[in-house]
Amino acid sequence: SYHRWKLYEEYFETLNDTRVLVYPGVDTHPFWDSKRPWEALACGCFVLFSRPVINVSEYPITELCEYAVYDSYTEFVRKYRHLYHNPDELARLRTRMVKRAHKFFSPVAIARYFLQAVYEKTMTDDVTDRRDSQDRT
């Protein structure tokens with residue numbers, strides 16, 4: 001909402017000026033997610049993050065960029081240093097990740113996904129109901 005953006009204007013200005021956001025995840029199992037990575041992607045950041053400890057297959061943030069995921073502190077440092085010393089590669093990965101995020105996780109894309117899931121569930125339930133009716137006759 002506008003109120004939230006206006007209230008935290010300085011935060012979002014900082015995020016808009018950020019190239020890489022390091023997100024270690026919320027370390028309380030079974031939780032991993034937060035609004036931070038999504039806000040960063042919406043502002044055009046490359047998000048370097050620890051592999052989620054939960055199943056994220058419904059909204060597979062890990063598929064936006066394989067390079068962005070790290071499994072250990074050592075791997076994180078290696079990837080971060082590589083990106084720092086290779087700004088052209090960072091720019092390429094960042095552009096690709098942000099485009100994919102906007103394509104697959106925008107409000108329109110999420111609404112389409114949700115409506116498709118509802119439609120498929122409805123059709124499956126309808127077919128099952130018809131079979132049950134036929135079996136009773």
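These legends accompany close-up views of a predicted model.

**View 1. Helices α4 and α5 cross at an angle of about 105 degrees.** Here we look at the meeting of helix α4, residues 73-85, with helix α5, residues 87-105. Their axes lie 5 Å apart. Because angles of 65 to 115 degrees count as roughly perpendicular, α4 is described as roughly perpendicular to α5. On the α4 side, the residues in contact are His82, Leu83, Tyr84 and His85. Their partners in α5 are Pro87, Glu89, Leu90 and Leu93. Sorted by class, this contact holds 5 nonpolar residues, 2 polar ones and 1 charged one.

**View 2. The largest pocket has residues from α3 and α5 in its lining.** This pocket encloses about 180 Å³ of space. If you would like to find it in the structure, look for Trp38, Leu41, Ala42, Ala101, His102, Phe105, Ser106 and Pro107, which line it. Helices α3 and α5 each provide at least two of the lining residues. What classes of residue make up the lining of the largest pocket? There are 6 nonpolar and 2 polar residues, with no charged residues.

**View 3. Helix α3 has several buried residues, and Gly44 follows the helix.** Helix α3 spans residues 35-42. Buried within α3 are Pro37, Glu39, Ala40 and Leu41. Leu41 also appears in the lining of the largest pocket. After the helix comes Gly44, a residue with a positive phi, near 90 degrees.

**View 4. Tyr23 sits in strand β1.** The strand covers residues 20-23. Is Tyr23 buried or exposed? Its relative accessible area is 7%, and buried means under 20%, so Tyr23 is buried. A useful distance to check in this view is the one from Tyr23 to Ser34: their C-alpha atoms are 9.5 Å apart in space. Along the sequence, Tyr23 and Ser34 are separated by 11 residues.

**View 5. Thr62 is a buried loop residue.** Thr62 belongs to the loop between strand β2, residues 46-50, and strand β3, residues 69-70. With a relative accessible area of 15%, Thr62 is also under the 20% cut-off and therefore counts as buried. Which residues does Thr62 touch, leaving aside those up to four places away in sequence? They are Phe49, Pro52, Val56 and Val69.

Conventions:
Residues are numbered from 1 along each chain as its sequence is written. This is a predicted model: local features need pLDDT of at least 70, side-chain atom pairs count only at pLDDT 80 or more; totals for chains, interfaces and linings use all residues. Side-chain values use heavy atoms; hydrogens and water are left out. Axes are lines fitted to C-alpha atoms, for helices over the stretch in contact, and angles run from 0 to 180 degrees between N-to-C directions. Helices (H or I, at least four residues) and strands (E, at least two) are DSSP runs, numbered from the N terminus. Angles under 35 degrees count as roughly parallel, over 145 as roughly antiparallel, 65 to 115 as roughly perpendicular and the rest as oblique. Contact means heavy atoms within 4.5 Å. Ala, Val, Leu, Ile, Met, Phe, Trp, Tyr, Cys and Pro count as nonpolar, Asp, Glu, Lys and Arg as charged, and the others, Gly among them, as polar. On a 1 Å grid over the protein atoms alone, a cavity is a set of points where a 1.4 Å probe fits but cannot get out, and a pocket is an open set with protein on both sides within 12 Å along at least five of seven lines; lining residues have an atom within 4 Å of a point. Grid points are joined across faces, edges and corners, and a volume is the space filled by probe spheres set on the points. Buried means under 20% relative accessible area, exposed over 50%, partly exposed in between (1.4 Å probe, protein chains only).
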